[in-house]
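Trainee: I should like to study this structure step by step. May we go through it by question and answer?

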Amino acid sequence: MVDCGFTVFPELTRLSLREKVDVVLISHLHPDHTGSLCTLAIWSIIFRKKKIFVGGEDAAELFIVQGIRPNDFEPLPSDDPLNIKTIRTAHIPGSGHNKALFIADTILWSGDTNESILDSDYARQAKIIFHEAVMEPRTGAHTGIEILNQAAPDIKAKTWLIHIPEKERAEIERLAAEMGFAGVCYNGQEIEL
């Protein structure tokens, strides 16, 4: 699983998928990307008698702040077959960074960035890309769709737009189709490679 925000644990519970999560990759430590991580880790230890693996961003401090021991999860080993590569990107100016994730030499995940990662070697190598999008990059926290639209047509064709503000969803869906993006992701949607 990639990122584990506030709504993830309840959604995993509702869909009876908690038992299937063994690895969680984190792009950055903001709560909308980690809000359920500690809950999932503790649930897994108590009910599955199994630690989850966490990769991407170092989550040890997050666990400590929430009163949980850092050894309540396992860091993803560097030789893991997911072969995670992290790409440091800007997020909210003055409030930290983000790590885009290149997973198993196949999936490129932007997390949250105020810059496009669609003109990178990772984007060219990826079979599928997930990139957050907003209409206008007002806060400097996310990438505007017009900036993403500057990518090559073959890159846009394999890019799914994510993390879209609800009030902008209809317009971004319309623009994504016009601009040649693969589409807009929804909660629970399954996408095949």
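Trainee: In which loop is Asp105 found?
Mentor: Please keep in mind that this is a predicted model. Asp105 is found in a loop that begins after strand 5 (97-103). The element that follows is strand 6, so by the numbering of elements from the N terminus the place of Asp105 is the loop between strand 5 and strand 6.

Trainee: What is the phi of Asp105?
Mentor: Most residues other than glycine have a negative phi. Asp105 is not a glycine, and yet its phi is positive. The value is about 55 degrees.

Trainee: Is Asp105 buried, partly exposed or exposed?
Mentor: The class of partly exposed residues lies between 20% and 50% relative accessible area. Asp105 has a relative accessibility of 40%, and therefore it counts as partly exposed.

Trainee: Where is Asn83, and what is its phi?
Mentor: Asn83 lies in the loop between strand 3 and strand 4. With a relative accessibility of 29%, Asn83 counts as partly exposed. Although Asn83 is not a glycine, its phi is positive, at about 45 degrees.

Trainee: What is the order of the strands in the open sheet of 6 strands?
Mentor: The pairing in this sheet is mixed. Its edge strands are strand 4 (85-90) and strand 9 (183-184), each of which pairs on one side only. The order of the strands is 4-5-6-7-8-9.

Trainee: Which residue in strand 8 stands opposite Phe130?
Mentor: Strands of a sheet pair through backbone hydrogen bonds, either parallel or antiparallel. Strand 7 (residues 128-132) and strand 8 (residues 159-162) pair in the parallel sense, over 4 bridges. The residue opposite Phe130 is Trp160.

Trainee: Which strands stand at the edges of the open sheet of 3 strands?
Mentor: This sheet has the order 1-2-3, with parallel pairing. A strand at the edge has a single partner strand, so one of its sides is left without a neighbour in the sheet. The edge strands are strand 1 and strand 3 (74-75).

Trainee: Which residue in strand 3 is the bridge partner of Val54?
Mentor: Strand 2 (residues 53-55) and strand 3 run parallel and are joined by 2 bridges. In strand 3, the partner of Val54 is Pro75.

Trainee: Is Cys38 buried or exposed?
Mentor: Cys38 is found in helix 3 (residues 37-48). Leaving aside residues up to four places away in sequence, Cys38 touches Leu62, Phe63, Gln66 and Ile68. Its relative accessible area is 2%, and therefore Cys38 is buried.

Trainee: How far apart in space are Cys38 and Gln66, C-alpha to C-alpha?
Mentor: In sequence, Cys38 and Gln66 are 28 residues apart. Gln66 is nevertheless among the residues that Cys38 touches. From C-alpha to C-alpha, their separation is 7.7 Å.

Trainee: What is the N to O distance in the salt bridge of Arg14 and Glu11?
Mentor: Side chains of opposite charge can pair when their charged atoms come close. Arg14 and Glu11 are 3 residues apart in helix 1, so about one helical turn separates them. Arg14 is exposed, with a relative accessible area of 58%, whereas Glu11 is partly exposed at 29%. The N to O distance of their salt bridge is 2.7 Å.

Trainee: What separates Asp121 and Arg124 along helix 5?
Mentor: The side chains of Asp121 and Arg124 meet in a salt bridge of 2.8 Å, N to O. Arg124 also meets the side chain of Asp119 in a salt bridge, at 3.2 Å. Asp121 and Arg124 are 3 residues apart in helix 5 (residues 121-125), and therefore the separation is about one helical turn.

Trainee: How many residues line the largest pocket?
Mentor: The volume of the largest pocket is about 1600 Å³. Met1, Val2, Trp109, Asn187 and Gly188 are the lining residues that lie nearest its centre. By class, the lining has 22 nonpolar, 8 polar and 8 charged residues. The number of lining residues is 38.

Trainee: Which helix gives the most to the lining of the largest pocket?
Mentor: Several elements each supply at least two residues of this lining, including strand 1 (23-25), helix 2 (31-34) and strand 6 (107-109). The element that gives the most, with 3 residues, is helix 1.

Note on methods:
Residues are numbered from 1 along each chain as its sequence is written. This is a predicted model: local features need pLDDT of at least 70, side-chain atom pairs count only at pLDDT 80 or more; totals for chains, interfaces and linings use all residues. Side-chain values use heavy atoms; hydrogens and water are left out. Two strands pair if DSSP finds at least two bridges between them. On a 1 Å grid over the protein atoms alone, a cavity is a set of points where a 1.4 Å probe fits but cannot get out, and a pocket is an open set with protein on both sides within 12 Å along at least five of seven lines; lining residues have an atom within 4 Å of a point. Grid points are joined across faces, edges and corners, and a volume is the space filled by probe spheres set on the points. Ala, Val, Leu, Ile, Met, Phe, Trp, Tyr, Cys and Pro count as nonpolar, Asp, Glu, Lys and Arg as charged, and the others, Gly among them, as polar. Buried means under 20% relative accessible area, exposed over 50%, partly exposed in between (1.4 Å probe, protein chains only). Contact means heavy atoms within 4.5 Å. A salt bridge is a side-chain nitrogen of Lys or Arg within 4 Å of a carboxyl oxygen of Asp or Glu.
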